Amino acid sequence: MSDLKEPKLRDGRNLHKHEPYLIGEIPDEIIRKVGAEIVYLLYTGRKDMTGNDWANIFARSIGGQSFDSPLGVADICCGNMAWSMKTVKTNSISKATSVRLISGRNSPDYSYGIENPHDDIQKTGDAVLAIWNGRVQIAYRDFSPVRVGVLIRNYSMTEFCFYEETIHEYDLKKYTWIENKQNNFEGHDENGTHCFTWQPHGSQFTIIEQIPKNAVYFKVKKPPLLGLDTALKELKFNESWVTIMRNKG
Amino acid sequence: MSPTPKLRTSRDSIHPLNKIPRQVVLEITKHLAFLEYMGVDELTGDEWARIFAKAVHGAYKKSMSELPDVIKNSTFWSAKTIRPAKTWNPSKDAVIISGRNNLRQSYPDLPKKYDFFEKPDETGKMILEIWNERVKLAKQNISDGREIVLIRNQNLDSFILYEKELIQYNPEDYTWKKNNRGNLWGYDSEGNNRFRWQVSTQFTIVEPLPSTFIHFTFPKHGKRILLDEVLKVVGYSSKSVTIEEVNKESANGK
């Protein structure tokens with residue numbers, strides 16, 4: 001029986017995983033495409049990169065597509081795979097060992113009717129993780145596997161660290177929740193490691209991840225800037241394009 | 001021979017409140033056309049502040065917590081841009097996110113389990129005092145403080161532009177109620193909603209447009225500078241990207 005090939009099934013999407021490359025083995029070619037896109041941003045005068053920029057850059061670099069709105073945790077897809085795309089800024093790329101990834105607004109009040117989150121910290125924390133798990137399930141309904149693609153950037157957008165991890169649901173039983181001095185909630189694993197933060201005011205959910213050893217570090221050379229006048233000349237901009245009306249109520 | 005005196009030019013002068021010169025509007029449209037050419041299809045608050053600063057030949061001042069975004073001589077502006085729903089029209093109010101009013105941070109003596117909704121008027125007073133303090137601080141050195149608001153449509157080809165004086169509000173003039181989404185709304189004496197506050201600290205001012213405002217349009221040009229063109233112009237080669245394999249334990253001295 002072990003010599004038989006995998007059977008072809010009607011619902012083959014999740015069975016036949018499509019991974020363009022293994023985690024930790026992203027080809028240099030894709031990194032260079034990401035680098036080129038960043039050079040483009042810098043040339044056109046951009047001083048920073050948004051989450052949407054990052055999602056679009058990575059989608060184009062791997063030949064995938066961005067979603068207009070997230071599908072659960074997923075922002076982009078390529079074939080049968082999906083990614084949640086995150087980017088964070090740091091002063092020193094080489095010294096960073098962990099990142100805090102803002103991972104959505106999880107409202108136990110809206111999702112579970114928990115009006116006062118402080119009444120039962122553990123129950124609230126469980127609800128926060130359950131909401132995350134629900135979003136992960138949504139993504140896995142249509143794609144598998146689902147990864148997070150994290151780009152850590154420095155303030156001048158010239159140095160970067162990129163890594164990926166497979167996204168999974170969390171086992172609620174493995175995390176203990178406490179309230180910290182800032183009145184935020186912290187989730188700790190069985191080793192006492194701080195893994196999650198949740199803010200009651202705003203419902204922001206943050207996952208704290210260690211940067212893995214297989215992360216890729218890369219730099220880009222800063223290009224000269226595209227000038228406004230050069231662009232306007234290229235566009236043949238003319239003041240007659242503009243219609244101005246002064247409304248008096 | 002006495003040195004040539006430095007004279008103020010029209011670039012140095014500030015226009016009267018809400019009498020925005022045509023040239024400023026034209027400068028704004030140039031930058032919007034430029035953004036489209038760069039492939040940017042949305043206008044952020046930061047970008048709007050930068051554009052307005054260039055249009056009035058002022059200085060852009062980025063700060064997360066202070067009101068002034070643009071400064072020129074003895075005037076500063078808080079620059080706001082909003083994109084209301086398609087059904088919005090100028091007879092309706094502009095709903096403007098106006099900062100984060102964090103009551104716990106600003107009033108550290110508040111009890112840990114203070115219920116923001118138990119006495120809504122009291123909470124509302126604290127919310128407005130935070131705004132008032134921010135305005136007071138901003139006007140300490142520059143008394144002419146203005147709000148410059150750009151209302152943009154979904155397609156970024158039709159805009160409304162107006163200026164208003166940046167003011168403080170008298171908390172006694174407003175009553176507050178919790179709405180069905182768990183937010184606090186402040187109402188003036190005529191029952192109009194003027195403020196909104198979320199427990200997440202977001203503070204919103206709901207204001208009618210002034211009696212005069214500018215409406216300007218200009219068509220999308222549809223051109224975009226392409227990635228390949230840029231890479232050619234900057235002389236990009238794959239050598240522009242350095243990829244390193246870093247042993248983190250060695251790098252961190254472990």
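These legends go with close-up views of a predicted model with chains A and B.

**View 1. Two helices of chain A are linked by a salt bridge between Arg60(A) and Glu37(A).** Start with the closest N and O atoms of this pair, which sit 2.9 Å apart. Arg60(A) belongs to helix α2 (residues 51-62) of chain A, while Glu37(A) belongs to helix α1 (residues 28-43) of chain A. That makes this a link between distant parts of the chain, with 23 residues separating the two partners. The two ends have their own surroundings: Arg60(A) is partly exposed at a relative accessible area of 45%, whereas Glu37(A) is buried at 7%. As for the general idea, side chains of opposite charge can pair when their charged atoms come close.

**View 2. Asp53(A) is another residue of helix α2 of chain A.** With a relative accessible area of 15%, Asp53(A) is buried; the cut-off for that label is under 20%. Leaving aside residues up to four places away in sequence, Asp53(A) touches Arg46(A) and Asp48(A).

**View 3. Asp171(A) and Lys173(A) form a salt bridge in chain A.** Here the closest N and O atoms are 3.4 Å apart. Asp171(A) comes out as partly exposed, with a relative accessible area of 30%. Lys173(A) counts as exposed, at 73% relative accessibility.

**View 4. In chain B, a salt bridge brings together the side chains of Asp93(B) and Arg194(B).** The N to O distance is 3.2 Å. Asp93(B) sits in the loop between β3 (75-82) and β4 (94-100) of chain B, and Arg194(B) sits in strand β9 (residues 193-197) of chain B, so the salt bridge ties together parts that are 101 residues apart in sequence. On accessibility, Asp93(B) is partly exposed at 27%, and Arg194(B) is buried at 15%. Back in chain A, salt bridges with shared partners join Glu19(A), Arg147(A) and Glu164(A) into one network. Over all chains, a search of the whole structure turns up 18 salt bridges.

**View 5. Strands β5(A) and β6(A) make a hairpin.** Strand β5 (residues 146-154) and strand β6 (residues 159-166) of chain A run antiparallel and are joined by 7 bridges. Have a look at Gly149(A): its bridge partner in β6(A) is Glu164(A). The hairpin has 4 residues between its strands, and in the turn Met157(A) takes a positive phi of about 55°. Moving on from β6(A), 4 bridges join this strand to β11(A), again in an antiparallel arrangement. Within that pairing, Cys161(A) stands opposite Tyr217(A) of β11(A).

**View 6. Strand β11(A) pairs across the chains with strand β12 (residues 241-244) of chain B.** The two strands run antiparallel, with 4 bridges between them. One pair to pick out is Phe218(A), which stands opposite Ile243(B) in β12(B). As a reminder about strands in general, side chains in a regular strand alternate between the two faces of the sheet.

**View 7. The contact between the chains takes 50 residues from chain A and 51 residues from chain B.** About 4700 Å² is buried between the two chains, and carbon and sulfur atoms give 64% of that area. The count of salt bridges between chain A and chain B is 0, but there are 9 residue pairs in polar contact, both residues being at pLDDT 80 or more. On the side of chain A that touches chain B, the elements giving two or more residues are α1, β11 (216-220), α5 (228-235) and β12 (243-248) of chain A. The largest share comes from α1(A), with 9 residues. Sorted by class, that side of chain A has 23 nonpolar, 13 polar and 14 charged residues.

**View 8. Helix α2 (residues 45-55) of chain B is mostly covered.** Of its 11 residues, 8 are buried; among them are Trp48(B), Ile51(B) and Phe52(B), along with the charged residues Glu47(B) and Arg50(B). The cover over the buried residues of α2(B) includes α1 (22-37), β1 (59-60), β2 (70-72), β3, β5 (144-152) and β6 (158-165) of chain B. Just after α2(B) comes His57(B), with a positive phi of about 55°.

Methods
Residues numbered from 1 in each chain as written. Chains lettered and ligands numbered in written order. Predicted model: local features only at pLDDT ≥ 70, side-chain atom pairs only at ≥ 80, totals over all residues. Heavy atoms only, no water. Salt bridge = Lys/Arg side-chain N within 4 Å of Asp/Glu carboxyl O. Buried < 20%, exposed > 50% of the residue type's maximum accessible area, 1.4 Å probe, protein only. Contact = heavy atoms within 4.5 Å. Buried area = accessible area lost by both parts, 1.4 Å probe. Polar contact = N/O pair within 3.5 Å; in protein donor to acceptor, adjacent residues only side chain to side chain. Pairing = 2+ DSSP bridges.
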